[in-house]
Amino acid sequence: MKAITLLGSTGSIGTQTLDIVREHPDRFRVVGLAAGRNGTMLAQQIREFCPDIAAIRDESQLATVREAIADLENPPTLLVGEDGVAEVARYGDSESVVTGIVGCAGLMPTVAAIKAGKNIALANKETLIAGGPVVLPLVQEHGVKLLPADSEHSAIFQCLQGIPEGSLQRILLTASGGAFRDLPVEKLATVKVADALKHPNWTMGQKITIDSATLMNKGLEVIEAHFLFGLDYDHIDIVIHPQSIIHSLIELEDTSVLAQLGLPDMRLPLLYALSYPERISTNWERLDLVKCAQLTFREPDHHKYPCMKLAYAAGRAAGSMPAVLNAANEQAVALFLQEKIAFLDIPRLIEDVCDRHQSQNTAQPSLDDIIAADRWARQAVLDASQKPAKVLA
C-alpha cells in the first residue's frame, strides 16, 4: 500500500485522485490533505480518508474545518496558511505527493516536498513553468522522481517507456481547441465568461478551462515539456485534435510516431503517476475506436490563439520570463472570471507585461527571483488593466 499526500484536495485534480483512492483502498493510503478555501469539503475528506495531517490555506475556513471534525476520535493535526500547506507536503512517510494546487501557489509546497525526499505526481504546470530552473536541480539533488500527472505529458512519458536515450526527435502536444475552437475569430470580442467555461471534452477547474479557450494551456505545456523531456522549442509542436482521444505523440529519429490514446479522463494519468511503473486494473470505460469513428487534426490558428506565440517567446527567452508569463496569465484570467476585462484583453495584458519585463529578465533566477517576478507580473497586469485598450494593443 502506497502512502500519498494530496495538495489541492478539493479541486478537480484532488477529487479525482481521491476517486482513485476510493476505488483502490488496498493500494493507496492518504497521509496528508491540503486545500485552499473549501473548508466544508476538506472536512468531509478528512472524515472519509482519515489523514494524519491536514491544512487549509484560507485561515477564515479553519473554524469551519475544526467544528466539522470535532467529534472524531483521532483527528488529524490541523494546520493553516501557506506554511501549513508546506508542512503537509513534507510530512511523514508519504511516498508520493500529488501537486494539484492551481497556479504558482503550488510551487513552494512542491519544493518543500522535494526537499523532504518525496516523489512528485505533477499535476501543477506552474511548478516547472515558473520554477523549472530551481525545481529540476532540486529533483536531481534529492534523488526523487518527477512524474507528470496531466494527460498530455503523461502520454509523452508513457510513449517514452523503453525508448533508447537520444531517440526522441519531436513532441506533438494535442489540443482540443477549447470552448471556441469552432467559433469565428471575429466573434471572440463579445464572448462571456459562461461561454468560455463550456469546454467540449473535459471537466476541469475554471482557470484551466479558460486557459483551454485561449490555448494558453498548450503554450504552458510546451514550456513544461521542454523542462520535462529536454527538447528545444523548435521540436515541440501543437496540433488541434477535437476528439481528445490521442493525448499526445512523440516522433523518433527513425520517423516512427508513437501515440497514447484513451477516453478523456484525468484519472488515467493520475493513476499512472501514482502507480508507476505498475499498471493497475480498473473497471473504467474502455476506448472503442469503432465508436470514435474519426480522429481528426488541424493546425492551430495563431490569429485566433495569440497566447501560443506568447508562450513560445517566453520559453525561448528563458530565465524569469516564463514565471512572468505564467503570473500575468493567472492574473488576467482572474480578472476575466471576475468580468473586469474582456476575453481578448487576456493576451493583450500578457504581451504588455512580458514586453515590459524584457529588460529585467534574470538569466538564472533563484527561487526568490521567481517569486519576485511572479509578484511583479501580477501587479503589472492589474496596473495595465486600468489603461485604455488601445494602450494594450
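**Exercise 1.** Find which residues line the second largest cavity, and sort them by class.

*Solution.*
Step 1: Pick out the lining. Ser151, Ser154, Ala155, Gln158, His247, Gln260, Leu268 and Pro269 line the second largest cavity. On a 1 Å grid over the protein atoms alone, a cavity is a set of points where a 1.4 Å probe fits but cannot get out, and lining residues have an atom within 4 Å of a point.

Step 2: Look at where they sit. Two elements, α7 (151-160) and α11 (267-275), each give two or more residues to this lining. The largest share, 4 residues, belongs to α7. Helices here are DSSP runs (H or I, at least four residues), strands are E runs of at least two, and both are numbered from the N terminus.

Step 3: Sort by class. You should get 3 nonpolar, 5 polar and no charged residues. The rule: Ala, Val, Leu, Ile, Met, Phe, Trp, Tyr, Cys and Pro count as nonpolar, Asp, Glu, Lys and Arg as charged, and the others, Gly among them, as polar.

A quick note before you go on: this is a predicted model, where local features need pLDDT of at least 70 and side-chain atom pairs count only at pLDDT 80 or more, while totals for chains, interfaces and linings use all residues. Residues are numbered from 1 along each chain as its sequence is written, and side-chain values use heavy atoms, with hydrogens and water left out.

**Exercise 2.** Say how many cavities of 30 Å³ or more the whole structure has, and describe the largest cavity.

*Solution.*
Step 1: The search turns up 2 cavities of that size.

Step 2: The largest cavity holds about 40 Å³ of space, and the second largest has about 30 Å³. A volume is the space filled by probe spheres set on the grid points, which are joined across faces, edges and corners.

Step 3: Around the largest cavity you'll find Leu188, Thr214, Lys304, Pro306, Cys307, Phe343, Leu344 and Pro347. By class, that makes 6 nonpolar, 1 polar and 1 charged residues.

**Exercise 3.** Work out the strand order of the open sheet of 4 strands, and find its edges.

*Solution.*
Step 1: Reading across, the order is β9-β8-β10-β11, with mixed pairing. Two strands pair if DSSP finds at least two bridges between them.

Step 2: β9 (236-240) and β11 (257-261) are the edge strands, as each pairs on one side only.

Step 3: Now zoom in on β8 (residues 168-175) and β10 (residues 246-252), which pair in the antiparallel sense over 4 bridges. Ile171 stands opposite Ile250 in β10.

**Exercise 4.** Trace the salt bridges of Arg267, and say whether Arg267 is buried or exposed.

*Solution.*
Step 1: Start with Glu23, whose side chain meets that of Arg267 in a salt bridge (3.0 Å, N to O). This pair links distant parts of the chain: Glu23 lies in helix α1 (residues 12-23) and Arg267 in helix α11, 244 residues apart. A salt bridge means a side-chain nitrogen of Lys or Arg within 4 Å of a carboxyl oxygen of Asp or Glu.

Step 2: Arg267 also forms a salt bridge with Asp265, with the closest N and O atoms 2.7 Å apart.

Step 3: Check accessibility. Arg267 is buried, at 18% relative accessible area, while Glu23 is partly exposed at 33% and Asp265 is partly exposed at 22%. Buried means under 20%, exposed over 50%, and partly exposed in between (1.4 Å probe, protein chains only).

Note on methods: On a 1 Å grid over the protein atoms alone, a cavity is a set of points where a 1.4 Å probe fits but cannot get out, and a pocket is an open set with protein on both sides within 12 Å along at least five of seven lines; lining residues have an atom within 4 Å of a point.
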